[in-house]
Amino acid sequence: MSDTGYGDFEFERRFVARDVPPELLDAAPALIVQSYYLADAGFALRVRAQVSSVVGVDVRTDETTLLERYADQVDFCAVTVKGPMNGGTRYEAEREIDPLVGVEMVRRGGARVAKVRHSVWLGEDGWVVDVFAGANAPLVVAEVERGGPVTDLAIPDFCVTEVTVDPRFANDGLARAPYAAWAAAWQAELEQEGPRFLEGFGHDHRMTGI
């Protein structure tokens with residue numbers, strides 16, 4: 001959630017990532033398991049449970065098993081309301097809740113998404129690299145968020161194609177229709193149409209050597 005003068009809006013761009021250099025990844029990343037009570041036409045009501053530091057997570061493990069395995073280590077939970085994405089901008093309002101309540105809400109909620117989140121500093125921007133687990137493995141998404149529109153972005157080489165406005169790759173979209181079910185079709189689409197990067201965001205450039 002943005003804490004700038006833009007209020008409850010987030011400004012982000014998202015990319016499918018491959019072959020992220022291991023040296024960029026955290027030794028002890030965060031584990032996130034989140035449940036969607038509503039996910040429809042870009043509107044979402046989500047409860048997130050997070051473990052701030054974990055080691056050795058097997059992303060082949062399903063979402064429910066991951067939640068139960070790490071439930072006693074959850075140290076942050078939040079409920080979030082989101083609106084549809086509009087060209088890299090999305091309404092988002094978040095409130096932190098008690099971890100014990102949050103874990104129970106995720107247990108009792110709707111469709112789940114689990115991911116291991118790495119924080120990466122590249123150039124002037126902080127990125128997150130989300131390695132999805134369970135039904136969304138082996139998807140990896142790199143995301144950069146700012147307090148205002150994300151323009152003039154240095155895009156690292158490991159970003160294959162941009163999916164900022166592709167609802168299939170939004171977390172609520174992945175909860176409803178996990179990546180494993182349509183990965184082959186999407187890969188064929190990518191090979192046929194080639195990578196895509198949004199226009200109208202200033203002078204983006206590729207960051208080589210990463």
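Let's start at one residue: with a relative accessibility of 74%, Asp19 counts as exposed, since anything over 50% falls in that class. Asp19 sits in the loop that runs between strand S1 (9–17) and strand S2 (30–40). Its backbone deserves a look too, because phi of Asp19 is near 55°, a positive value in a residue other than glycine. Keep in mind that what you are looking at is a predicted model.

Follow the chain through S2 and you come to another residue of this kind. Ala41 lies in the loop between S2 and strand S3 (43–51), and it has a positive phi of about 55° although it is not a glycine. Is Ala41 buried or exposed? Its relative accessibility is 60%, so Ala41 counts as exposed.

Now step back and take in the whole fold. The protein chain has four helices and eleven strands. For a chain of 210 residues, a compact globule would have a radius of gyration near 17 Å, and the 16 Å found here agrees with that. Laid out along its principal axes, the C-alpha trace spans about 45 × 40 × 30 Å. Of the 210 residues, 49% count as buried.

How are the contacts spread along the sequence? Take those between residues at least 6 apart in sequence: 70% of them join residues at least 24 apart. As for the outside, the protein chain exposes about 10100 Å², and carbon and sulfur atoms supply 53% of that area. On the charge side, there are 20 positive and 34 negative side chains. The centres of those two sets lie 5 Å apart.

A good part of this picture carries an annotation. According to the unreviewed UniProt entry, residues 8–176 are covered by "domain: CYTH". That span is 14% helix and 47% strand, and its end C-alpha atoms lie 25 Å apart.

Inside the annotated span, go to Ala111, which belongs to strand S6 (residues 111–122). Which residues does Ala111 touch, once its neighbours within four places in sequence are left aside? The contacts are Gln34, Ser35, Tyr36 and Ala175. The first three of these bring us back to S2, which covers 30–40. Ala177 is also worth finding on screen: it is 66 residues away from Ala111 along the chain, yet the two C-alpha atoms are separated by 9.4 Å. With a relative accessible area of 32%, Ala111 is partly exposed.

Further along there is a peptide bond to check. Ala137 and Pro138 are joined by a cis peptide bond, with omega at about 5°. Pro138 is part of the loop between strand S7 (125–132) and strand S8 (140–146).

Finally, move on to His205, which is in strand S11 (residues 205–207). Leaving aside neighbours within four places in sequence, His205 is in contact with Leu153, Ala154 and Ile155. What about its exposure? His205 has a relative accessible area of 45%, so it is partly exposed. For a sense of the span across the model, pair His205 with Tyr37: they are 168 residues apart in sequence and 38 Å apart in space, C-alpha to C-alpha.

Note on methods
Residues are numbered from 1 along each chain as its sequence is written. This is a predicted model: local features need pLDDT of at least 70, side-chain atom pairs count only at pLDDT 80 or more; totals for chains, interfaces and linings use all residues. Side-chain values use heavy atoms; hydrogens and water are left out. Helices (H or I, at least four residues) and strands (E, at least two) are DSSP runs, numbered from the N terminus. The radius of gyration is taken over C-alpha atoms; the globule rule is 2.2 Å times the number of residues to the power 0.38. Buried means under 20% relative accessible area, exposed over 50%, partly exposed in between (1.4 Å probe, protein chains only). Contact means heavy atoms within 4.5 Å. Accessible areas come from the Shrake-Rupley method with a 1.4 Å probe; for residues, only the protein chains shown count as cover. Lys and Arg count as positive and Asp and Glu as negative; His and the chain ends are not counted. The place of a charge is taken as NZ of Lys, CZ of Arg, CG of Asp or CD of Glu. UniProt positions are given in the numbering used here, feature names are shortened, and annotations may be inferred rather than shown by experiment.
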